[in-house]
Amino acid sequence: MTTKLLTVTGLGKSFGGVRAVDGIDFELARGELLALIGPNGAGKSTTFNMVNGQLRADSGSIRLEGTELIGMRPREIWRLGVGRTFQIAETFSSLTAVENVQMALLSADARLWSMWTRAARHRRAEAVELLDQVGMAAQADRPCSVLAYGDVKRVELAIAMANSPKLLLMDEPTAGMAPKERNELMALTKRLVVERNMAVLFTEHSMDVVFAYADRMIVLARGRLIAEGRPAEIRDDPKVQEVYFGSGKTFEKKRAGAQRAADLGEALQ
Ligand SMILES: Nc1ncnc2c1ncn2[C@@H]1O[C@H](COP(=O)(O)OP(=O)(O)OP(=O)(O)O)[C@@H](O)[C@H]1O
C-alpha cells in the first residue's frame with residue numbers, strides 16, 4: 001500500500017465546552033483535490049488551522065508522509081511543504097506581480113529582507129517562470145494594486161508555489177469571484193495539482209465549484225465528519241442534505257447555476 005501524503009486520525013479540538021472538531025479521520029493523496037465543506041461553525045477553519053500548525057490539536061494525529069505535524073510550529077510545517085492561501089488574496093499591493101513572487105522565493109530560501117536588492121535580480125527568472133505557470137508572465141511588472149482580482153489570486157497561487165508545496169491548503173479560493181474567474185482559477189489549480197503531483201485541501205461555499213472540481217469531498221457538521229466520497233455520492237447522501245436543507249430537500253442538479261450557487265451560499269452561511 002502506498003503511503004498517503006496526509007493522514008489525519010482522531011483529530012480533535014475543543015474551545016472551552018465547545019467540541020469544535022470531534023475526532024475526525026481523513027486521508028489525502030498526491031494528485032488529489034479534496035474539498036472540506038460544512039455549514040458555519042462546522043469546524044472547517046479549526047481543522048485547517050490544526051493542519052498548518054496555527055492551532056494545536058487536543059488529540060489525534062496529522063501525518064505528512066509519515067511525519068507527525070502536531071506539536072510543530074507553523075514555520076516548520078511550511079518548510080515540510082504545507083502551503084496556504086487565504087480567503088482574501090494576500091499580496092503586497094505596492095510590489096509588482098514578479099516582485100511578490102520573488103519575495104516568496106526569498107522567503108522559501110530563508111534569506112534576510114536586507115538582501116532583497118541583490119537577491120531580487122538573482123531570482124527574477126524563476127519568479128517569471130512561476131508566473132508563467134499561472135498565466136501571468138505578461139503582467140509580471142505590473143503592481144498588484146492595478147491587477148484584476150482574479151489575476152491577483154493567480155499571483156497568490158504562484159506565491160504559494162514558490163515553496164514547492166506538497167500540500168496546499170486553500171481557504172475559500174474563489175470567494176468574491178465571478179463564475180468565469182472561479183472556473184478559471186479552479187481549472188488552473190487542478191492543472192497545477194496534476195503537473196506538480198501535489199495535493200490541495202480546500203474549503204468552499206460555492207457548490208458549483210466543489211461539484212465541478214473536487215475529486216473527493218469531506219463534510220463536517222458540528223465538528224464531526226458526516227460524509228466522505230466523490231461529489232456525486234455526496235450530492236445524494238441523505239445525511240448531507242439533512243444538514244444543509246433539513247429533511248425533504250435535495251441538491252438539485254439542473255437548476256440555473258448562478259441561482260443555485262446563491263441559494264447554497266445562503267444555506268451555508
Ligand atoms: N478561537 C476560538 N475560541 C472559541 N471558540 C471557537 C474558536 N474558534 C472556533 N470556535 C468555535 O468552534 C466551532 C467551529 O468553528 P470553525 O471556525 O472551525 O467553523 P467553520 O466550519 O470554519 O465555520 P465558518 O464556515 O463560519 O468559517 C464553532 O462553534 C466556533 O464558534
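**Two loop residues, a four-stranded sheet and a ligand shell**

Glu65 has 14 C-beta neighbours inside 10 Å, so Glu65 counts as partly exposed. That count falls between the limits of 12 or fewer for an exposed residue and 20 or more for a buried one. The residue belongs to the loop between E4 and E5, and its phi is positive, near 45 degrees, although Glu65 is not a glycine. The structure discussed here is a predicted model.

The loop that holds Glu65 is the turn of a hairpin: two residues lie between strands E4 and E5. These strands pair in the antiparallel sense over two bridges, and Leu64 stands opposite Thr67 of E5.

The hairpin is part of an open sheet of four strands, ordered E2-E1-E4-E5 and paired antiparallel. Strands E2 (18-28) and E5 (67-68) stand at the edges; each has a single partner strand, so one side of each is left without a neighbour in the sheet. Further in, strand E1, residues 6-15, runs antiparallel to strand E4, residues 59-64, and five bridges join them. Two positions help to locate this pairing in the model: Thr7 is opposite Arg63 in E4, while Gly12 has Ser59 of E4 as its bridge partner.

Strand E2 also takes part in the surroundings of the ligand. The residues around the ligand include Phe15, Val18 and Ala20, and also Gly38, Asn40, Gly41, Ala42 and Gly43. Lys44, Ser45 and Thr46 belong to the shell as well. Two elements, E2 and helix H1 (44-51), give two or more residues each to this shell. H1 gives the most, with three residues. By class, the shell divides into six polar residues, four nonpolar and one charged.

At the level of the whole chain, there are 11 helices and 10 strands. The chain has 269 residues, and buried residues make up 39% of them. Among contacts with a separation of 6 or more, 67% are between residues 24 or more positions apart.

The chain is divided into two domains: domain 1 covers 6-81 + 165-268, and domain 2 covers 91-164. Where the two touch, 12 residues of domain 1 are in contact with 11 residues of domain 2. Helix H7, residues 179-195, supplies six residues to the domain 1 side, the largest share. That side divides into seven nonpolar residues, three polar and two charged.

Ser164, the last residue in the range given for domain 2, lies in the loop between helix H6 (149-161) and strand E7 (167-171). Its phi is near 45 degrees, again a positive value in a residue other than glycine. Is Ser164 buried or exposed? Ser164 has 11 C-beta neighbours inside 10 Å and therefore counts as exposed.

Confidence remains to be considered. The pLDDT averages 85 over the chain, and 83% of the residues score at least 70. For the model, ipTM is 0.96 and pTM is 0.85. Residues 252-269 are a stretch where pLDDT stays under 50. For that stretch the model has 17 contacts beyond four places in sequence.

Conventions
Residues numbered from 1 in each chain as written. Predicted model: local features only at pLDDT ≥ 70, side-chain atom pairs only at ≥ 80, totals over all residues. Pairing = 2+ DSSP bridges. Domains from an automatic or database assignment. Contact = placed C-beta atoms within 7 Å. Nonpolar A, V, L, I, M, F, W, Y, C, P; charged D, E, K, R; others polar. pLDDT = per-residue confidence, 0-100. Near = placed C-beta within 6 Å.
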